[in-house]
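Reader: Hi! I'm new to reading protein structures, and I'd love a close look at a single part of this one. Could you walk me through it in plain words?

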Amino acid sequence: MRKGVRIGLQVGGLYLLFWVGNLLQEIGHLPIPGSIMGLFLLFFLLITGIVPEAWLAGGADWLLKVLPFLFLPSFIGVMNYSSFFIHQGVVLAGVVFVNTLLVMVVSAWVGTRIARRKEDA
Amino acid sequence: MMSGWEQWAAGCGFVVMSAGVYVLMKELYRRYSTPLLLPVVTAGVVIMMVLSVFHIPYETYMQGGQWINQMLGPAVVALAYPLYRQRHLLRRYGAAVLGGACAGSLTALVGGMAMAEAAGADTKLIHTILPKSVTTPVAMDLSQQTGGIPSLTAAFVILAGVTGVLAGPYVFQCLRMQHEVGRGVGFGSASHAIGTSKALENGEKEGALSSVAMTVCAVLTALICPLLV
């Protein structure tokens, strides 16, 4: 029970950082989304020790553990587009499928090449 | 019309139902551990079937679903933790992640645009699928900004995630790409947070690299995508 309360409070803290990130994005008219700004902000706070690691760790680990679940509602949104998928969606889904694998192979290949060079050096 | 209290109760009901179905599907996945039973996919299909059988519109479901959606932002913020814990990796593999993520983002945007055009998609649809390789909140923002259809973008983001998680391990195996760094970068660049959760299953190192790649890709795509369209 106490663990649940602690995680809840920590998730609240992360939500606050998300909110600040959105604020920064809005004020600065940045092309970078608020959630990513919040990520940078938290990383900065952790590196500088302003926020000790233990403060938000439980909440962060919990959110990352349930991350796939958080996509569920957006995924279910597909049901509103069933007729679209019958007509054009199949072709586009094919494009996304092939392109995703291409992105994966290209990025992994480049990443491996650079990492190996570093390891050999 | 439902009263405020009834809406709240219905929302809670949908959250509990989603969580229940997800936990069951996760158990199924654990028991038969095949990527085809990826919990987000099976749970999604089950809930869609339940909603259509009882004629519940998606908008009604979203009274509860939006609360789950709300947690996506703080979850992206939480990715600072694996980054921080694996910061020594960044010093060692920063260039590899950055290089791989740049190559991946360009392949996603330029390659995606060319392929969609070749497939005969109109401008609105191209703008809908273009940001599909990055995490949902970012992709939906970009879709909105460039004149795509954000909720449809969300579906393609999931598809990109699921594709990477389902087919990625086979592709890496076939091409003999088993370098931890390369795999992490690949999962993060192509399949954002869904890929990252898969990479985390393989190890905290791979997961951390994946989350860095996903973050770099999100930032790069946010910068490049509006210029392309």
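**A buried threonine and a meeting of two domains**

Author: Happy to! Let's begin with Thr42(B), which counts as buried because its relative accessibility is 14%, and buried means under 20%. Please keep in mind that this is a predicted model. Where does Thr42(B) sit along the chain? You will find Thr42(B) in helix α2 of chain B, which covers residues 39–53. Now look around that residue in the 3D view. If you set aside its neighbours within four places in sequence, Thr42(B) is in contact with Met25(B) and Leu37(B).

Next, let's step back to the chain as a whole. Chain B is divided into domain 1, residues 4–70, and domain 2, residues 77–228. To the contact between them, domain 1 of chain B gives 5 residues and domain 2 of chain B gives 6 residues. The C-alpha centres of the two domains of chain B lie 25 Å apart.

How much area do the two domains bury between them? The size of an interface is often given as the accessible area lost when the parts come together. For domain 1 and domain 2 of chain B, that area is about 480 Å², with 77% of it on carbon and sulfur atoms. On the side of domain 1 of chain B that touches domain 2 of chain B, the residues divide into 5 nonpolar, no polar and no charged. You can also look for links of other kinds between the domains. Between domain 1 and domain 2 of chain B, the count is 0 salt bridges, and it is also 0 for residue pairs in polar contact, with both at pLDDT 80 or more.

Terms used
Residues are numbered from 1 along each chain as its sequence is written. Chains are lettered from A and ligands numbered from 1 in the order in which they are written. This is a predicted model: local features need pLDDT of at least 70, side-chain atom pairs count only at pLDDT 80 or more; totals for chains, interfaces and linings use all residues. Side-chain values use heavy atoms; hydrogens and water are left out. Domain bounds come from an automatic or database domain assignment. Contact means heavy atoms within 4.5 Å. Buried area is the accessible area (1.4 Å probe) that two parts lose on being put together, summed over both. A salt bridge is a side-chain nitrogen of Lys or Arg within 4 Å of a carboxyl oxygen of Asp or Glu. A polar contact is a pair of N or O atoms within 3.5 Å; within protein, one must be able to donate a hydrogen and the other to accept it, and residues adjacent in sequence count only if both atoms are side-chain atoms. Ala, Val, Leu, Ile, Met, Phe, Trp, Tyr, Cys and Pro count as nonpolar, Asp, Glu, Lys and Arg as charged, and the others, Gly among them, as polar. Helices (H or I, at least four residues) and strands (E, at least two) are DSSP runs, numbered from the N terminus. Buried means under 20% relative accessible area, exposed over 50%, partly exposed in between (1.4 Å probe, protein chains only).
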